[in-house]
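Good morning, colleagues. I should like to take you through one protein model, moving from its overall composition to individual residues.

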Amino acid sequence: MAIVIIQSPNLAPEQETRIGERIITALQQEGIAPGSVVVMFRPERGDIYLDGLLVQAETPARIQPPAPIAAKPAAPVAAGEPAGFKTKARRSKPELEDLKQGLMQKLQDKGSLSSFEAQVALDLKDCDWAPATLRRLFTELEEAKLITKSGQKRGTRYVWKGMVNTPQVPPAVKLVKAESDEE
């Protein structure tokens with residue numbers, strides 16, 4: 001279990017929540033399961049002696065966090081998704097399953113996708129959590145042998161192994177002027 005301890009006297013609960021979520025996300029991206037991470041916030045305690053100077057610890061009152069910057073309006077919510085789906089710190093299993101189904105549908109339609117193309121296709125490009133979540137979903141699909149992964153880093157593409165849904169278009173008809181033998 002990973003334990004992260006932050007000692008600081010000046011953090012409001014909202015700040016602690018944001019910092020904790022960012023630490024858990026960073027550790028998750030490094031391969032540590034989020035359920036095995038504990039982030040503890042403690043007030044600074046004790047005096048510190050630095051090069052001939054004694055700094056005594058104070059116990060100041062908690063400060064209020066700075067006013068949040070007005071966020072730009074979120075993209076319209078697709079039918080069937082709850083309003084807070086894209087802004088929540090964590091998604092529920094049904095939401096992840098719906099996301100996985102949408103990803104599979106886009107892969108079937110296009111044949112192959114990069115992570116960025118998947119974010120755009122699923123309208124998740126403004127979601128901070130999208131890259132890590134999509135990587136996890138791509139890995140699940142790869143383990144289920146539904147897709148293959150090619151390339152590395154930014155050049156990674158995920159290719160659908162099954163039949164690609166291509167629209168059935170009748171063959172183009174070419175009109176040719178008939179030559180007449182009457183001269």
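Let me begin with a definition: a residue counts as exposed when its relative accessible area is over 50%, as buried when that value is under 20%, and as partly exposed in between. With a relative accessible area of 60%, Arg22 is therefore exposed. Please also keep in mind throughout that the model is a predicted one.

Arg22 belongs to helix H1. Its C-alpha atom lies 9.8 Å from the C-alpha atom of Ala89, and the two residues are 67 residues apart along the chain.

Let me now turn to the protein as a whole. There are four helices and seven strands. Their order along the sequence is β-α-β-β-β-α-β-α-α-β-β. Of the 183 residues in the protein, 22% are buried. The accessible surface amounts to about 14000 Å², and carbon and sulfur atoms supply 55% of that area. As for the contacts with a separation of 6 or more, 58% of them join residues 24 or more positions apart.

The next topic is a pair of helices. How do H2 and H4 cross, and at what angle? Helix H2 covers residues 93–110 and helix H4 covers residues 130–143; their axes come within 11 Å and cross at roughly 70°. Since angles of 65 to 115 degrees count as roughly perpendicular, H2 is roughly perpendicular to H4. The crossing of these two helices is right-handed.

Which residues make this contact? On the H2 side they are Leu96, Leu99, Lys100, Leu103, Met104 and Leu107. On the H4 side they are Thr133, Leu134, Arg136, Leu137, Phe138, Glu140 and Leu141. Sorted by class, the contact of H2 with H4 comprises nine nonpolar, one polar and three charged residues.

One of the H4 residues in that list, Thr133, merits a separate look. Is Thr133 buried or exposed? Its relative accessibility is 4%, so Thr133 counts as buried. Leaving aside residues up to four places away in sequence, Thr133 touches Arg91, Leu96 and Leu99. Between Thr133 and Leu96 there are 8.6 Å from C-alpha to C-alpha, and the two are 37 residues apart along the chain.

A second buried residue is Gln119, which has a relative accessible area of 9%. Gln119 sits in helix H3, residues 115–121. Again leaving aside residues up to four places away in sequence, the residues that Gln119 touches are Leu124, Lys125, Ala130, Pro131 and Leu134. Leu134 also appeared among the H4 residues that meet H2.

I come now to backbone geometry. Where does a residue other than glycine have a positive phi? One case is Lys145, with phi near 60°. Lys145 is placed in the loop between H4 and strand E6, which spans 147–150. At 62% relative accessibility, Lys145 counts as exposed.

Asp123 is likewise not a glycine and has a positive phi of about 60°. Asp123 is located in the loop between H3 and H4. With a relative accessibility of 34%, Asp123 counts as partly exposed.

The last residue for today is Pro34. Pro34 is found in the loop that runs between helix H1, residues 13–29, and strand E2, residues 37–42. Its relative accessible area of 22% makes Pro34 partly exposed. Which residues does Pro34 touch, not counting those up to four places away in sequence? They are Ile24, Gln28 and Arg90. For Pro34 and Ile24, which are 10 residues apart along the chain, the C-alpha atoms are separated by 5.9 Å.

To close, I return to two points from this predicted model. Helices H2 and H4 cross at roughly 70°, and the crossing is right-handed. Thr133, in helix H4, is buried and touches Leu96 and Leu99, among others. Thank you for your attention.

How values were computed. Residues numbered from 1 in each chain as written. Predicted model: local features only at pLDDT ≥ 70, side-chain atom pairs only at ≥ 80, totals over all residues. Heavy atoms only, no water. Buried < 20%, exposed > 50% of the residue type's maximum accessible area, 1.4 Å probe, protein only. Contact = heavy atoms within 4.5 Å. Areas by Shrake-Rupley, 256 points an atom, 1.4 Å probe, with all protein chains shown as cover. Axes fitted to C-alpha atoms, helices over the stretch in contact; angles between N-to-C directions. Parallel < 35°, antiparallel > 145°, perpendicular 65-115°, else oblique. Left-handed = near helix turned anticlockwise from the far one by under 90°. Nonpolar A, V, L, I, M, F, W, Y, C, P; charged D, E, K, R; others polar.
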